[in-house]
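Visitor: Please take me through this entry, and give the cut-off behind each term as it comes up.

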Amino acid sequence: MSEVNFEQKGIVFNIQKFSVNDGPGIRTVVFFKGCPLRCKWCSNPESQLPKVQPFWDRQKCEDCRHCLAICPQHAISVEINHIHIHPSLCNACGLCVAECPQKALELQGQEMTVTEVMEVVMQDKVFYEESGGGITLSGGEMLMQPDFALELLKAAHEMGLHTCCETTGYAAAERFEKVMEHVDYILFDLKHWDAKKHQQGTGVSNELPIKNMKATFAKGKTVLPRIPVIPGFNDSLDDAAQLAKLLKAIGVERCQLLPFHQFGENKYDLLDQEYDYHDTPSLHREDLEDYLHVMIGEGIEAFL
Ligand code: SF4
Ligand code: SF4
């Protein structure tokens, strides 16, 4: 058994208990901060930046501008009659959060050690044992913090837990393999079959994810590919057919569809960040019946 560095630190923005949608059984999901992709529909935009940052609640803010006056980094300015926090300048000192009279600011993310995370995760060990669950690493993209991910996975195994991850697969092959060696079940997102469209929607090409997905299947790992179905991006029946063909060529037999939803909409407001999907309705099972049938017709056992 490899030694675990329990003092390894990482930045986590949420630890969610009793999840039943992030791998088998009842699970605790650890959300890593930092992602190399910029998916325009992202439901966790607070996960993208690999550092602690303030959320600003415009409903609570009374525009007193005290935060602007006290910020030691001059990271707050006034733009179109409201304050705006510049993430590149902010060092997450927390002064504005502590001093805001309206409690309109809140820090997102915190640095934690492997020991601190595992203390929370192990509180529900009995539920994992009864349900076949365990720990799931999510994000963001856990591969942005590979050392933290690795030590957390090793610690979980040492404590007898089943490990799972949700990944974009966007990492150099060596890093990807090193971390995945300690993952029992991989939930692997695939966003688009076409490299150009993948680039337009996520900011990066699909080459690395496809290469890593192929390598993972070739190694016989337990993998479930998942496709977020996004209106206007990859929701046509031709997209369904092309995605199914690509998955088949990789050796995939089944995949899960994740219909677009609006759970993250208000977070863009809290980050004072643009969101292209404000007026896009969520998709439901009935919207994806034809999409499912096309994939099944192409030989992929697709489900929601
Ligand atoms: S200190 Fe608080 S209430 Fe005042 S402008 Fe800043 S966020 Fe708004
Ligand atoms: S957390 Fe600190 S550096 Fe960041 S905006 Fe607030 S006062 Fe400025």
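Visitor: Where does L208 lie?
Guide: L208 lies in helix α8, residues 207-218; helices (H or I, at least four residues) and strands (E, at least two) are DSSP runs, numbered from the N terminus. The model is predicted, so local features need pLDDT of at least 70 and side-chain atom pairs count only at pLDDT 80 or more, whereas totals for chains, interfaces and linings use all residues. Residues are numbered from 1 along each chain as its sequence is written, while chains are lettered from A and ligands numbered from 1 in the order in which they are written.

Visitor: Is L208 buried or exposed, and how many C-beta atoms surround it?
Guide: L208 is partly exposed, because 17 other C-beta atoms lie within 10 Å. The limits are 20 or more such neighbours within 10 Å for buried, 12 or fewer for exposed, and partly exposed in between, with C-beta atoms placed from the backbone.

Visitor: And which residues does L208 touch?
Guide: Not counting residues up to four places away in sequence, L208 touches G169, Y170 and A171; contact means C-beta atoms within 7 Å. G169 is 39 residues from L208 in sequence, yet their C-alpha atoms are 7.0 Å apart.

Visitor: Moving on to M144: where is it, and why does it count as buried?
Guide: M144 is in the loop between β8 (134-138) and α5. M144 counts as buried because it has 23 C-beta neighbours inside 10 Å. Beyond four places in sequence, its contacts are F32, G34, C35, P36 and P50. The C-alpha atoms of M144 and R175 are separated by 9.7 Å, with their positions 31 residues apart along the chain.

Visitor: Which residues does a cis peptide bond join?
Guide: The bond joins G139 and G140, with omega of about 5°. G140 lies in the loop between β8 and α5.

Visitor: What about phi: which sign does K103 have?
Guide: The phi of K103 is positive, about 50°, although K103 is not a glycine. K103 sits in the loop between α2 (95-99) and β6 (105-108), and it is exposed, having 11 other C-beta atoms within 10 Å. D272, again not a glycine, has a positive phi of about 55°. D272 belongs to the loop between α10 (265-270) and α11 (289-297) and is partly exposed, with 14 other C-beta atoms within 10 Å.

Visitor: Now the ligands. How many residues surround ligand 1?
Guide: Ligand 1 is surrounded by 13 residues, the closest being C61, C64, C67, C100 and Q102; a residue is near when its backbone-placed C-beta atom lies within 6 Å. Eight of the shell residues are nonpolar, two polar and three charged. Here Ala, Val, Leu, Ile, Met, Phe, Trp, Tyr, Cys and Pro are nonpolar, Asp, Glu, Lys and Arg charged, and the others, Gly among them, polar.

Visitor: Which residues come nearest to ligand 2?
Guide: Among its 13 surrounding residues, C71, Q73, C90, C93 and C96 come nearest. That shell holds 10 nonpolar and three polar residues, and no charged ones.

Visitor: How many residues are in the largest nonpolar core?
Guide: There are 66, and V12, V30, V117, L137, A149 and L152 have the most contacts inside it; such a core is a set of buried nonpolar residues, Pro excluded, joined through C-beta atoms within 7 Å. Helix α5 (residues 146-158) gives the most to this core, namely seven residues. A second, separate core has 12 residues, including I83, I85, C96 and A104.

Visitor: What is V12 in contact with?
Guide: Outside four places in sequence, V12 contacts V30, F31, F32, K33, G109, Q110, M112 and V117. Q110, in strand β7 (residues 110-113), is 98 residues from V12 along the chain, with 5.6 Å between their C-alpha atoms. Q110 is also in contact with V52.

Visitor: Why is strand β10 largely enclosed?
Guide: Four of the five residues of β10 (residues 185-189) are buried, so the rest of the structure largely encloses it. Strand β9 (residues 162-167) pairs with β10 in the parallel sense over four bridges, where pairing requires at least two DSSP bridges. In β10, I186 is the bridge partner of C165.

Visitor: Last topic: which domains does the assignment give?
Guide: It gives domain 1 (9-44 + 110-303) and domain 2 (53-108), with bounds from an automatic or database assignment. Their C-alpha centres lie 32 Å apart. Five residues of domain 1 are in contact with six of domain 2; on the domain 1 side, three are nonpolar, none polar and two charged.

Note on methods
Two residues are in contact if their C-beta atoms, placed from the backbone, lie within 7 Å.
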